[in-house]
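Me: I've just opened this one and I'm new to it. Can you walk me through what's in there?

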Amino acid sequence: LLLYRGGTVCDDSFDDIAADAICKYMGYSHSTRWTSGITFEGQESLEIKMDNVQCSSADWNSCIFSEEHNCGHGEDVFLSCSYGNDSDGIAGNYSF
């Protein structure tokens with residue numbers, strides 16, 4: 001589950017470029033995959049804090065987003081990041 005300021009990130013406009021930018025911002029080399037949905041018990045108790053993430057490159061400084069949303073938790077982003085060339089990545093809870 002991807003968290004921003006203690007809340008979830010909505011998948012509106014989210015894509016592979018945004019996934020790479022966020023992984024790189026957190027110190028990983030790239031993203032390996034992302035998906036969305038409801039997976040964790042208690043996930044729905046979190047606020048949705050980020051929406052409409054759009055990046056023009058894999059650099060977080062190229063990204064724009066909104067802290068207002070029109071989402072439900074079925075659109076929460078789950079992200080896997082990697083340190084190297086592996087394609088499996090590290091799945092887990094990421095916070096930035």
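Reply: Sure, and let's start with a term: a disulfide here is a pair of cysteine sulfur atoms within 2.5 Å. Keep in mind that this is a predicted model, where local features need pLDDT of at least 70, side-chain atom pairs count only at pLDDT 80 or more, and totals for chains, interfaces and linings use all residues. Residues are numbered from 1 along each chain as its sequence is written, and side-chain values use heavy atoms, with hydrogens and water left out.

Me: What pattern do the disulfides of the chain follow, with bonded cysteines counted along the chain?
Reply: By the sulfur cut-off, the chain has three disulfides. One of them joins Cys10 to Cys71, another joins Cys23 to Cys81, and Cys55 pairs with Cys63. Counting the bonded cysteines along the chain, the pattern is 1-5, 2-6, 3-4.

Me: In what order do the elements of the chain run from the N terminus?
Reply: Helices (H or I, at least four residues) and strands (E, at least two) are DSSP runs, numbered from the N terminus. The chain has one helix and eight strands. Starting at the N terminus, the order is β-β-α-β-β-β-β-β-β.

Me: How many residues apart are Cys10 and Cys71?
Reply: Their sulfur atoms are 2.0 Å apart, and the link is left-handed, with -95° about the S-S bond. Cys10 is in the loop between strand 2 (7-9) and helix 1, while Cys71 is in the loop between strand 5 (63-66) and strand 6. The pair links distant parts of the chain, and the separation is 61 residues.

Me: Is the disulfide of Cys23 and Cys81 left-handed or right-handed?
Reply: Cys23 lies in helix 1 and Cys81 in strand 6, so this pair ties together parts that are 58 residues apart in sequence. The S to S distance is 1.9 Å. The torsion about the S-S bond is about -75°, so the disulfide is left-handed.

Me: Is Cys63 buried or exposed?
Reply: Buried means under 20% relative accessible area, exposed over 50%, and partly exposed in between (1.4 Å probe, protein chains only). Its partner Cys55, at 10% relative accessibility, counts as buried. Cys63 has a relative accessible area of 12%, so Cys63 is buried.

Me: Which element supplies the largest share of the largest nonpolar core?
Reply: A nonpolar core is a set of buried Ala, Val, Leu, Ile, Met, Phe, Trp, Tyr and Cys residues joined through side-chain atoms within 4.5 Å. The largest one has 18 residues, and Leu2, Val9, Phe14, Val53 and Leu79 touch the most other members. Strand 1 (2-4), helix 1 (16-25), strand 4 (48-55) and strand 6 (77-82) each supply at least two residues. The largest share, five residues, comes from helix 1.

Me: Which residues does Phe14 touch, not counting those up to four places away in sequence?
Reply: Contact means heavy atoms within 4.5 Å. Phe14 is one of the residues that touch the most other members of the largest core. With those sequence neighbours left out, Phe14 touches Leu2, Val9, Ala19, Ile22, Trp34, Val53 and Val77.

Me: What is the distance between the C-alpha atoms of Leu46 and Leu3?
Reply: Leu46 sits in the loop between strand 3 (30-36) and strand 4, and at 28% relative accessibility, Leu46 counts as partly exposed. Beyond its neighbours within four places in sequence, Leu46 is in contact with Leu1, Leu3, Gly6, Thr8 and His73. Leu46 and Leu3 are 43 residues apart along the chain, and their C-alpha atoms are separated by 9.4 Å.
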